[in-house]
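I'm opening a fresh page for this one and jotting down what I look up as I go. The entries are short, and each one sticks to one part of the structure.

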Amino acid sequence: MKLSLGKWLLPAYSALALLFLMIPIGYTFVYSFNDSLKSNITWQGFTLDKWRGVCNVQNGAVCQAFGNSLFIGVVATVIATTFGTMIAIAIVRYRFKFRSQTSLLLFLPMATPEVVLGAGLAAQFLSVGVPKDMLTIILAHTMFCISFVVVTVKARVASLDPALEEAGRDLYGSAAQVFARITFPLLLPGILAAALLSFALSFDDFIITNFNSGAVSTFPKYIYISAARGIPAEANVLASAVFIIAIIVVVTVQVAGAAKARRLARLS
Amino acid sequence: MAVGAFADRGADLELVGIEKRFPGFTAIENLNLTIPAGSFFALLGPSGCGKTTTLRLVAGLEEPTSGRILIAGADVTNRKSFQRPVNTVFQSYALFPHMTVLENVAFGLRRRKIAGPVAKAHEALLLVELDHLAHRKPQQLSGGQQQRVALARAIVNRPALLLLDEPLGALDLKLRRQMQLELKTIQEEVGLTFLHVTHDQEEAMTMADTIAVMNKGRIEQMGEPQQLYELPKTSFVANFLGQSNLFTGPVVSTTSTAIAVDVSGQKIVVPLERAHRVSGEVTIGVRPEKVILHAEAPVQDTGRNVLGPGRVIDVSFSGVSTQYLVDVPGVGTLVVFAQNMVFGPAAHVGASCWLSWNVVHGFGLDDDPAQSPRFEADLDTKTIAQQRRSSLLTELEEA
């Protein structure tokens, strides 16, 4: 009796949970094909127009915001990943004064409520006299992304056997060569994961951006503002496109990884 | 030897007044050591004795607090690791996991821009009989194969000096034997100077031409394996390299050829040329396999030391030989190894017995008994093995 209950309860529960998680995504995707005029709340019929003319609505405001978000995400990710990786290596590999304090401080941006962080930064920029625009958004995003990069890369550095770098030095590799040929390639999976995480966080961020963006529009900000008077279906189109691209990337990586594992297994 | 060229042959290694202090402890104090070119030299000692630090200093992975390191007469103390004509086989092998076996072996050649790195790497892999696996990744190899790749990766560079950091530690017994033989063959073939660091006395004795026994940052004794074993200078060496029965007592008489020591009323004679100290309180000893067990009191003979009567308190059979523990009242517990020349043990627990050994087999230590207590609780190999086991267990639990 107990066994049969367990047999259907877990699958049913899992299916329900998945369904619950997928409904909003499914809704967004389906309503990107809605032949709506202003508000995209009721189903008006199927059309591909919104996908074809995604940048036409409101003089391309959706696309403008989307482009801004991409740009900010890429720049913040590159800066945060570079510095974050350097900090992570320093914290794990070197003993210096205030090392543990640095480590702790880097945790703070992740633990602080975003509202506080956003408001604090806005106040800072105001008192220093920096006008709010793209630059302030990038600065803000870089700041919180660095913490996530450090945490992600740090784990990877910690699991890297120092003997490997020593072996590199022992085998006539200069410091630069050892980094380029041993340390960096071995840290790369961690660095890439950190970069992806940074980009997702930056692209997605609304609260901190809203405090520090001034007149600049980003994709989350655009959605938030238009939610008051009805989000245009073009926003659904972009959101769906991002989702589909992400899925394609993940599936490709997984399939390639599995193929490689099979190849290696055949060899041995 | 300049970087960019192969060493034609091994080179002398000289350590002059090396000292290495870490925050809180001194790993090595005033180490002076010369290893002649072409020799197979082993640094033997328990964990924490400073042997691995010595190796890392030579490799350039640590900097000495003071002292100088010379390779082939050239001072390399201030040269970086990658500028020294030295290669290391690491304890963990440290093979680069993102490169194939071939790329691993060619790494050093490529860094030094030596012509034809791939062909030379293949040659080195042929030497360790792994060329057929050249295109695999290290994690697809067994422990023994990885060890051989690590060896090939080091010797392909023809270093003046090859450093081996307990490279056989992770292998099982049969593979160890095979690798020991292979290492020795390669050493003779290529004529390199080998500096081998190990805590395994058997490994050191079978492979090295010269052994230095290290303890607490100092070299206790150095010499050929047989000399170290037959005539240990300190109680640490006597107990770390094999087992010993040690006794302490005052010298009661001295002749032109021998000294006699009073051990709790029993007189034990040691040849003069085998005694490091000849007056006052001395520690003397004899190896367990040199001692013979008698069921009845043996006939007095000036050529033999006799102890007894005693009582057998433990018998353990190990195939080739049997180990007896004999308690001699007033003297202590002695260990006796006896070849199993007959079926079954020659004596049973509780049996009374006498012990004797040829006077020439005894040795007298250089230790001052007043400073080092009798049967000093220094680590013997068995304790080290146990410690290693328990440290491994805790490591596993933590992981």
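**Entry 1: the sheet in chain B**

Reminder to self: this is a predicted model. I started with chain B, which has nine helices and 20 strands. Of its 399 residues, 43% are buried. I also checked how far its contacts reach along the chain: among those between residues at least 6 apart in sequence, 67% join residues at least 24 apart.

Next I traced a sheet. I found an open one of six strands in chain B, with mixed pairing and the order β6-β7-β8-β3-β9-β10. Which strands stand at the edges? They are β6 (86-89) and β10 (218-223) of chain B; each has a single partner strand, so one side of each has no neighbour in the sheet. On average, neighbouring strands here are turned by 20 degrees against each other, direction ignored.

**Entry 2: walking across from the β6 edge**

I went strand by strand from β6(B). Its partner is β7 (residues 161-165) of chain B, and the two pair in the parallel sense over four bridges. In that pair, B:Thr88 sits opposite B:Leu163 of β7(B).

I then looked at which way the β6(B) side chains go. B:Val86 and B:Thr88 point one way, B:Asn87 and B:Val89 the other, and all are buried. I noted that although β6(B) is an edge strand with a single partner, its residues on both sides are buried.

One step further in, β7(B) runs parallel to β8(B), joined by five bridges. There, B:Asp165 stands opposite B:Val197 in β8(B).

**Entry 3: β8, between two partners**

How covered is β8(B)? Six of its six residues are buried, so I wrote it down as mostly covered. On one side I have B:Thr193, B:Leu195 and B:Val197, and on the other B:Phe194, B:His196 and B:Thr198, with both faces covered. B:Thr193, B:His196 and B:Thr198 went into my notes by name, since they are on the buried list too.

On to the next neighbour: β3 (residues 40-44) of chain B is joined to β8 (residues 193-198) by five bridges, again running parallel. B:Phe40 has B:Phe194 as its bridge partner in β8(B), and B:Leu43 stands opposite B:Val197. That puts B:Val197 in my notes twice, opposite B:Asp165 and opposite B:Leu43.

**Entry 4: two helix pairs**

I moved to helices, still in chain B. The axes of α2 (residues 101-111) and α3 (residues 117-127) of chain B come within 9 Å and cross at roughly 120 degrees. That makes α2(B) oblique to α3(B), and their crossing is right-handed.

For the contact itself, I listed B:Val101, B:Leu102, B:Val105, B:Ala106, B:Leu109 and B:Arg110 from α2(B), which meet B:Pro117, B:Val118, B:Lys120, B:Ala121, B:Ala124 and B:Leu125 of α3(B). By class that is ten nonpolar residues, no polar and two charged.

Then a pair in chain A. The axes of α4(A) and α6 (residues 134-158) of chain A come within 8 Å and cross at roughly 120 degrees. So α4(A) is oblique to α6(A). Which hand does this crossing have? It is left-handed.

Here A:Leu106, A:Phe107, A:Pro109 and A:Met110 in α4(A) meet A:Met143, A:Phe144, A:Ser147, A:Phe148 and A:Val150 in α6(A). I get eight nonpolar, one polar and no charged residues in this contact.

**Entry 5: a proline in a loop**

I stopped at A:Pro113, in the loop between α4 (99-111) and α5 (114-128) of chain A. Is A:Pro113 buried or exposed? It is exposed, because there are 9 other C-beta atoms within 10 Å, and exposed takes 12 or fewer. I also looked up A:Ile208: it is 95 residues from A:Pro113 in sequence, and the C-alpha atoms are 9.9 Å apart in space.

**Entry 6: where the chains touch**

Last lookup: 18 residues of chain A are in contact with 18 residues of chain B. On the chain A side, α7 (162-170), α8 (175-204) and α11 (233-267) each supply at least two residues. The most come from α7(A), which gives six. The chain A residues on this side divide into ten nonpolar, four polar and four charged.

Key: Residues numbered from 1 in each chain as written. Chains lettered and ligands numbered in written order. Predicted model: local features only at pLDDT ≥ 70, side-chain atom pairs only at ≥ 80, totals over all residues. Pairing = 2+ DSSP bridges. Axes fitted to C-alpha atoms, helices over the stretch in contact; angles between N-to-C directions. Parallel < 35°, antiparallel > 145°, perpendicular 65-115°, else oblique. Left-handed = near helix turned anticlockwise from the far one by under 90°. Contact = placed C-beta atoms within 7 Å. Nonpolar A, V, L, I, M, F, W, Y, C, P; charged D, E, K, R; others polar. Buried ≥ 20, exposed ≤ 12 C-beta atoms within 10 Å, placed from the backbone.
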